Structures are given as C-alpha cells and as structure tokens.
Amino acid sequence: MRTLVHLSDLHFGKIDRSVIEPLISRVAHIKPDVVVVSGDLTQRARTEQFIDARSFLDRLPLPQIVVPGNHDVPLYNVIGRALQPYAKYRRYISNGLEPSFVDEEIAVLGVNTARALVLKGGRINAHQITRVCELFGSLGEEITKVIVTHHPFDLPEGRDTGELVGRADKAMQSFAKCGVDLFLAGHLHISSSVSTSAQYQHRGHSAVVVQAGTATSSRVRGEFNSFNVIRIDRASIEVEHLSWRPENNSFSVSSSQLYKPSLDGWVAQSE
C-alpha cells in the first residue's frame, strides 16, 4: 500500500497562518510515501510569496510532486508573463514543471496545465498527452497510475463544465487507453472525489478524480481549509478529506470514500 498526501491552492501571500503548524505536524504524523501539491502555491507569483512557499515545502516529507497553477504565473507583470512565465517558479520551487515518481506500486506524474495566455483556465496539449501515455504505457497493470494537475478533468456534481481543463475530452480518451487510475487536482477550493463514469463513457474504464480544497489560504469557498489523504493498493483507492477544526486547532477526517476495481473500472463503494 502507498499513502499520498494531497495539498492544493496554498496561495502564499493570502494565507491563514494559524493552520500552518498544525498542517505540517499532521502531515508528518501520516508519514506519506509521496506528498502531492496540485498548484497555486502563491497568490500573485511574487518573489516573497515563492520564498514562503519554498520554506513551507521544505518542512514537508519527501518525495514531492509539485505542479504550478495559474496563480503561479505573473498577472500584473505583463512582460514577465509573456516571456518568462515560470521564471520564479523554476527558481524557488522546481526547475521541473512536470515531475514524476515511480516505484513498484505507483506512478505519479505531474502535468502542467497553467498557461501564460490564459488568465484563469488551464489547457493540456497533444505533447503532454503523448508523454503521459508513453510513460504509463510502459508500466504493468499492477502499477496504479496517477496524474497530478492544477485544473480538473472532472468536477463535483453541479459544477459548470466550463471549469474543466481545456481539451479534457481528447485527453481522457487517451488516458482511458493507457489505464490512468487516479487524477488529483485543485483550483476550485472544494474537496470532492468522483468516478469519471458519469462524465466520460469509456467502455471498460473509469478512474477516480479527487479535488483538494485549499490547504492554507484564507480564500475558502464555503468550506474550511482541508487536504486529502489517499491510500492506494491494487484492490482499493481510499480517499479521506481532512478539514480544519478551529475549535481543536487541528485537522481531522471529515469524510471518506472507498473505490474498488470492477470490469468497468474504479467504482465507489456504498457504505
């Protein structure tokens, strides 16, 4: 079994400082095999915000799979946005925008969906789709295959499909063929997990899509700060949402969902 901690939308520059130490402590206690951060590490891609985000990441366990979000590209620095949109991200966070981790049980691949020419939404291109399928296609069925993006490929019930990453339909057709099991994303500041079977009809395949709320930002949208713990083996994917409890000054499990493999792919289990 492998355990992932999934954080997103840190938004350093507009954070709730009171959650930082309890969050770091709880993640350390979980002892994850991989820490995933699905974008928006900063509020406005400013130097001091990246420095704060870097200091935070340095206190979390390794290995880490971190990808940029749209907030990590300069908004008001038009020249920087056009010519070197990821310069500060590369300097302070990672020179690699699409990191990967592979062992004998899981393969976790970051895909950068942030774009300099798009203010809020995200995109995936043909080269990225090919890269994912080349890596995952070389791995056996015993490896659980995980994609990390900032922008989501599927949505919680009731959300507008305009919030999906651009070219999602094309990408998901290819990802079904190369056996992607799990998608981790952020952007919406909402915690959820769903099967892709409702949005995408790919015979014999469905995956699990997990959204993380904002781990540290004060820009909450109807729910407390939160993060996910995901436990993976070939017989199950268990998703726990941990939410901030200010009365206890701690994060605790607010909901969980278990998924099991079937002939049609990963299926949510009823309680």
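**Group meeting: an open sheet, one helix and some ring pairs**

Let me start with the sheet, which is open and built from seven strands in the order 3-2-1-10-11-12-13, with mixed pairing; strands here are DSSP runs of E of at least two residues, helices are runs of H or I of at least four, both numbered from the N terminus, and two strands pair if DSSP finds at least two bridges between them. The edges are strand 3 (64-67) and strand 13 (265-268), each of which pairs on one side only, and from one strand to the next the twist averages 25 degrees.

Before going on, I should say that this is a predicted model, in which local features need pLDDT of at least 70 and side-chain atom pairs count only at pLDDT 80 or more, while totals for chains, interfaces and linings use all residues. Residues are numbered from 1 along each chain as its sequence is written, and side-chain values use heavy atoms, with hydrogens and water left out.

At one edge, strand 2 (residues 34-38) pairs with strand 3 in the parallel sense over four bridges, and within strand 3 the bridge partner of Val 37 is Val 66.

Now to helix 1, residues 20-30, which lies across strands 1, 2, 10, 11 and 12 and runs at about 10 degrees to strand 10 (226-233); such angles are taken between N-to-C directions, from 0 to 180 degrees, with axes fitted as lines to C-alpha atoms, for helices over the stretch in contact, where contact means heavy atoms within 4.5 Å. Which residues of helix 1 are buried? They are Ile 20, Pro 22, Leu 23, Ile 24, Val 27 and Ile 30, buried meaning under 20% relative accessible area, with exposed over 50% and partly exposed in between, for a 1.4 Å probe and protein chains only. Their cover includes helix 2 (47-57) as well as strands 1, 2, 10, 11 and 12. After helix 1 comes Lys 31, whose phi is positive, near 55 degrees.

Finally, the structure holds seven aromatic pairs, counted when ring centres of Phe, Tyr or Trp (its six-membered ring) lie within 6.5 Å, with planes under 30 degrees apart called stacked, over 60 edge-to-face, and the rest tilted. Phe 50 and Tyr 89 are edge-to-face, because their planes stand at 85 degrees, with centres 6.3 Å apart; this pair links helix 2 to helix 4 (residues 87-92) across 39 residues, and both residues are buried. Trp 244 and Phe 251 make a tilted pair, 5.1 Å centre to centre and 55 degrees between planes; Trp 244 is buried at 4% relative accessible area, and Phe 251 at 3%.
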